Amino acid sequence: MAAAEELGEFLRAHRAALTPAESGVPVYATPRRVPGLRRDEVAHLAGISVNYYTRLEQGESHQMSDSVLQALGTALQLTVDERAHLLRLARPAQARQTRRPYGTERLRPSVRALVESSVDQAAMVVGRYFDLLGANRLGYALFGLAPGQPVNLARLMFLDPAMRELFPDWQADAVRTAAFLRMATGDMPDDPALADLIGELSIKSPEFARIWAIQPVAECGHSTRRYHHPLVGPLELQEESMRVSGDPGQRIIFQGAEPGTDSADRLRLLDTISPDSTAP
């Protein structure tokens, strides 16, 4: 999709997600024909002309100054990650200049050793296309995978029915996965492999297509993950994610339980019964 068209879709989706009450826009007795804000209301909040904003949404123009970008971000109540994505859409040429060439994705031995050395928490490395590049024993066991088993976590989330049982908050986790993929499209504009993955998920998963249409955007960070594991029961784990320096798009994810909790006991139990465990 051309950057200007994608920019228009992004603006329309976030305009539709805002209500007049949330934006402080007065509501009159006249029936409203749109679910969220109207174009003229967003233009007024951003301090730009309605004609200019309409052209942005219609993909006819994407030349925006810093002040307009900031004003639109404020008017649409965008998060920090959403503002960064808006900037990449508004200035695609700049994004392409900073893009590194991508080839076959490999996991550095030092990163693999770091992940496999973690014993008290699940650790995994996720690649730029959401492939599981490596993990420690607990990382594989959380998803019921054999150590070293290759899998794409985005496909797993949306196409494997077992994930709806594993994740009690499946809807929120699915939105988060789509949001990470949306962020990746900004990091890797025009990447054919990423486009193929998104196209496949859009065709095979109506739920993904619905979520993708609302344009969620988020960076990996820290959060709480809930599981209902078929072997050990409920788990509540604290997740920390960080980018791998020197390998664009790769992230190390650690998930651990608060000491002294039932989740910590269950995580230790899962470690002892995972496929390659040496514990009795």
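Glu 105 and Arg 128 are both buried (under 20% relative accessible area, with exposed meaning over 50% and partly exposed in between, for a 1.4 Å probe and protein chains only). Their side chains meet in a salt bridge, 3.8 Å from N to O (a side-chain nitrogen of Lys or Arg within 4 Å of a carboxyl oxygen of Asp or Glu). Glu 105 sits in the loop between α7 (92–98) and α8 (109–116) and Arg 128 in the loop between β1 (122–126) and β2 (132–135), so the pair ties together parts that are 23 residues apart in sequence. Helices (H or I, at least four residues) and strands (E, at least two) are DSSP runs, numbered from the N terminus.

A word on what we're looking at: this is a predicted model, where local features need pLDDT of at least 70, side-chain atom pairs count only at pLDDT 80 or more, and totals for chains, interfaces and linings use all residues. Residues are numbered from 1 along each chain as its sequence is written, and side-chain values use heavy atoms, leaving out hydrogens and water.

**The overall picture**

The protein has 15 helices and five strands. Its C-alpha trace spans about 70 × 45 × 35 Å along the principal axes. There are 280 residues, and 48% of them count as buried. Of the contacts with a separation of 6 or more, 56% are between residues 24 or more positions apart (contact means heavy atoms within 4.5 Å). About 14,200 Å² is exposed, with carbon and sulfur atoms supplying 54% of that; accessible areas come from the Shrake-Rupley method with a 1.4 Å probe, and for residues only the protein chains shown count as cover.

**More salt bridges**

The salt-bridge count comes to 16. Here are three of them, including the opening pair.

| Pair | Closest N to O |
|---|---|
| Glu 6 – Arg 182 | 3.6 Å |
| Glu 105 – Arg 128 | 3.8 Å |
| Arg 225 – Glu 239 | 3.0 Å |

Take Glu 6 and Arg 182, whose side chains meet in a salt bridge. That pair links distant parts of the chain, with Glu 6 in helix α1 (residues 3–16) and Arg 182 in helix α12 (residues 170–187), 176 residues apart. Glu 6 is buried at a relative accessible area of 15%, and Arg 182 is buried too, at 3%.

Then there's the salt bridge between Arg 225 and Glu 239. This one connects strand β3, home of Arg 225, with strand β4, where Glu 239 sits, 14 residues along in sequence. Both ends count as buried: Arg 225 has 9% relative accessibility and Glu 239 has 5%. The pair also belongs to something wider, as salt bridges that share partners join Asp 173, Arg 176, Arg 225 and Glu 239 into one network.

**Helices with a buried face**

Helix α15 (residues 262–273) has twelve residues and reaches 17 Å from its first C-alpha to its last, close to the 16 Å expected at 1.5 Å a residue (the expected span being 1.5 Å times one less than the number of residues). Which residues of α15 are buried? They are Ser 263, Ala 264, Leu 267, Leu 270 and Asp 271. Looking down the axis of α15, these buried residues fall within an arc of 120°, so they line one face of the helix; the arc is that of the directions from the helix axis to the C-beta atoms. They pack against α9 (137–142), β3 (222–229), β4 (233–243) and β5 (251–256). On the face turned away from the buried side, α15 carries the exposed residues Asp 262 and Arg 268.

Leu 269 is also in α15, and is partly exposed at 41% relative accessible area. Together with Leu 231 and Ile 273, Leu 269 forms a nonpolar surface patch with about 280 Å² of accessible area. Patches are made of residues with over 30% relative accessible area and no salt bridge, joining like charges within 9 Å and nonpolar side chains (Val, Leu, Ile, Met, Phe, Trp, Tyr) within 5 Å.

Over in α6, the buried residues are Glu 82, His 85, Leu 86, Leu 89 and Ala 90. Down the axis of α6 they fall within an arc of 135°, so they line one face of that helix.

**Loop oddities**

Most residues other than glycine have a negative phi. Gln 77, though not a glycine, has a positive phi of about 55°; it lies in the loop between α5 (66–75) and α6 (80–90) and is partly exposed, at 43%. Gln 215 has a positive phi of about 60° and isn't a glycine either. Gln 215 is in the loop between α14 (206–213) and β3, and counts as buried at 1% relative accessibility.
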